[in-house]
Amino acid sequence: MDDVSSPQLALKFSSSAFDPEKYVRDLSAQCDTDADLQVHRKRIQTLNEETAVSLKKNVYKNYMQFIETSKEISYLEAEMYQLGHFLAEQKAILSSQEDMSLFGKQDSNSSIKPSKKDEKGSSSIESVEGLASVLDITDVNCVFEGDLVEVDPETFLPKSKIHAFLLHDSMVVANIIQNRRGPVRFKFQSLFELENVAVVNMTSADGLKDSFKVFLFPETHVYQAENKTIKKEWLDRIEECKKNFKLKLEQEVNEGGSEVASNAETTSSSENSNPFVEESGKNPFEEDNDKNPFTNDYDDDKNPFTESKSTNPFEEEEDEGPVASSSPNSGNSNVVKAGKGWLRDLPEDLDMFIAQRDFERAMELIDRTNKYLKENSSSQAAKEIKVRLDRRVKLLVDALIDELDSSRSFLLHVGPRATRRTVSLLVRLGRASEACQLFLRNRSEAIKHTIRQLKIEGATSLYITKLSTAFFSCIIETGKEFEQVFSANRGFSSAFVVWANSELKHFVSRFSNQVFRREMGLAATGVCVSMARHQCEKLQEIGLDLTFSMQQMLLRDILEAVLDTRDQMVKFSRHRAMETNWKPMEFEGPADQLGKLCEEMESLGIESFQELVDGNKVNLSSSTVAFIKGVLGFVADGLTVNTPQLQPWFVDCIGDLFENQVVLFEAILKSGRYASQREFILKNASFVLENIPPLIKKRLKVGTNPGRFMEIQSELKRLQSITPSSDTAEGKTGK
């Protein structure tokens, strides 16, 4: 109150018994004029501003203290975490030293007594819904269980009430199902392997009583017990289970290795014919090292923290596993040491390799473990190792699948070789089918990305060239890589063929949208189709031929383009026939125009065209010459898109063009308008019907429906029999 201008007024306002309405009434009664009220109002306003400034200063001061306090809390939490680890390590070391004691170890705490519930039965652990799919509950020993409260690790607010089961090697957390009748009372939530978690006690200073943390990278779980005694029992039981499981696993591994070594030693001693070696297998000229009190073989063999000469799981095979020595003097201890170190650290090593995305080393370690499990499949330790290995394999598979995620941008810019490592590892893990599916899906996304990068600019044929080259090149690269990666799985070749055909459908869809438009002529369409067909034929270098499939997919669009071109030509022929004067074509300009026409006709295959030239005239009408050029051009363009499936429709379209021209000749002859040019009109019809169909028939190599061309050629006789007078008479009779 000392830093304000009106301390008495501030004290009055801050009183809990302050009544604003009463204060205003009293103030109005005391003030006689408006000026007094304005002065008092100004004092209140000044007090308001001073209070706001004071609050800002206090907020800033408290905020800085809050930041400093948070930093100290973080430092203390990290130190407590390290301290908890140190205490756990020291406790384990003391326990191991007790095991190595020459005077034996006390068995009072060597095993954990099961809970009272476990003594009665295992119905509680069996009532967890969904646990059977994660864990084999037929032979589960529940060491301890109880209710806990799961707490949010950041806000320390309770989330839900759970029921936890402590097994000899793991901890199961299950949600309590409310209002559920029947034997199933819990629902599986999570499973923690004790060897991979760090359990840290939480004091009351942390803001939460009777709680402990479970660290499982990268997650942190906080659980609150009912009281301090239960919390302490949970911590002790978890620590004892971790220690006992490690010792038990190492002991079983050592026993399995000793059996292998003893069998090898027996075989070796039976084959040894050295006369200086006794029947017992010992050399009488060597000292008995087993009875030497100054050797440390006993301690090294029993110490669970003494590893073999090398714990690197990636050295040569001579250091792997429990391999028996060929020498009769090589003791079993050497065999045991060679196998127990890397097996003890197997889960941690696999987790580290997977986290570092060093998948090759993880795969080598998995192969080595599988080899050991195959040789020691009957031991209990092998079963425990198998359970842990399967979980790591699942994590590795998930990581590899994530690596092949088709949404990763860098995989879209590179070729199929970038996924070879990941796909090969999935195949080695027995996930060949899934690897094949992911590989092809990844390549589909890469092809889509490549096509999207193409720019639609310039002529359509230029874009189609780029599109076809890019698409079929990707298919060829994928086929070569597929053959190399899945060389041992020949049955997957059908999957590649199905995938390639599916990708071809997407290509044809994009191709059709660009090519088959009304403004595109049949000639331009033929160029684009020929380019796509040429690129598709390159697939034969990987043993794949999709030409027939592409033709089937394009058949409908090509047929529509051919029919549309036919209709346009029919329309133009009728229009030209109505406007022509039916006189020979005369070239009054430069003589090269007539020469160009002759050359053009010869290029179309009409060798007898020169016989129709008379000076600067051609004894054909302009409409007939246009029809000949049009129908032969239609045939040439149609041959670029023609297929065996399209051949019948294509022949029918050509026949329709000739029938339309015959109808035009017939209408002109019957009309009587060009009676004086009748011989010239019949000469045009004769040239069109006698010379052009055989030429087209030769080019098409017509093997089906040849009668259509025979009918066209027979129409000439009917046209020659038509006279204008008879037609006029018939017309009048009809009227």
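1. Where is Pro644 found? In this predicted model, Pro644 lies in the loop between helix 20 (622-641) and helix 21. Because its relative accessibility is 67%, and the cut-off for exposed is over 50%, Pro644 counts as exposed. The C-alpha atom of Pro644 is separated by 9.6 Å from that of Gln551, although the two residues are 93 residues apart along the chain.

2. Turning to the helix that follows this loop, helix 21 (residues 647-671) packs with helix 22 (residues 678-700) at an angle of about 175°, and their axes are 10 Å apart. Since angles over 145 degrees count as roughly antiparallel, helix 21 is therefore roughly antiparallel to helix 22.

3. On the side of helix 21, the residues that meet helix 22 include Gln647, Phe650, Ile654, Phe658, Phe665 and Leu669, while their counterparts in helix 22 include Arg678, Ile681, Asn684, Val688, Ile692, Pro693 and Leu700. By class, the contact of helix 21 with helix 22 comprises 17 nonpolar, 2 polar and 1 charged residues.

4. The model also has an open sheet of 8 strands, with mixed pairing and the order 1-5-4-3-2-8-7-6. Its edges are formed by strand 1 (128-129) and strand 6 (198-202), each of which pairs on one side only.

5. Within the sheet, strand 2 (residues 142-151) and strand 8 (residues 219-224) run antiparallel and are joined by 3 bridges. For Glu150, the bridge partner in strand 8 is Tyr223.

Terms used:
Residues numbered from 1 in each chain as written. Predicted model: local features only at pLDDT ≥ 70, side-chain atom pairs only at ≥ 80, totals over all residues. Heavy atoms only, no water. Axes fitted to C-alpha atoms, helices over the stretch in contact; angles between N-to-C directions. Helix = DSSP H or I, 4+ residues; strand = E, 2+ residues; numbered from the N terminus. Parallel < 35°, antiparallel > 145°, perpendicular 65-115°, else oblique. Contact = heavy atoms within 4.5 Å. Nonpolar A, V, L, I, M, F, W, Y, C, P; charged D, E, K, R; others polar. Pairing = 2+ DSSP bridges. Buried < 20%, exposed > 50% of the residue type's maximum accessible area, 1.4 Å probe, protein only.
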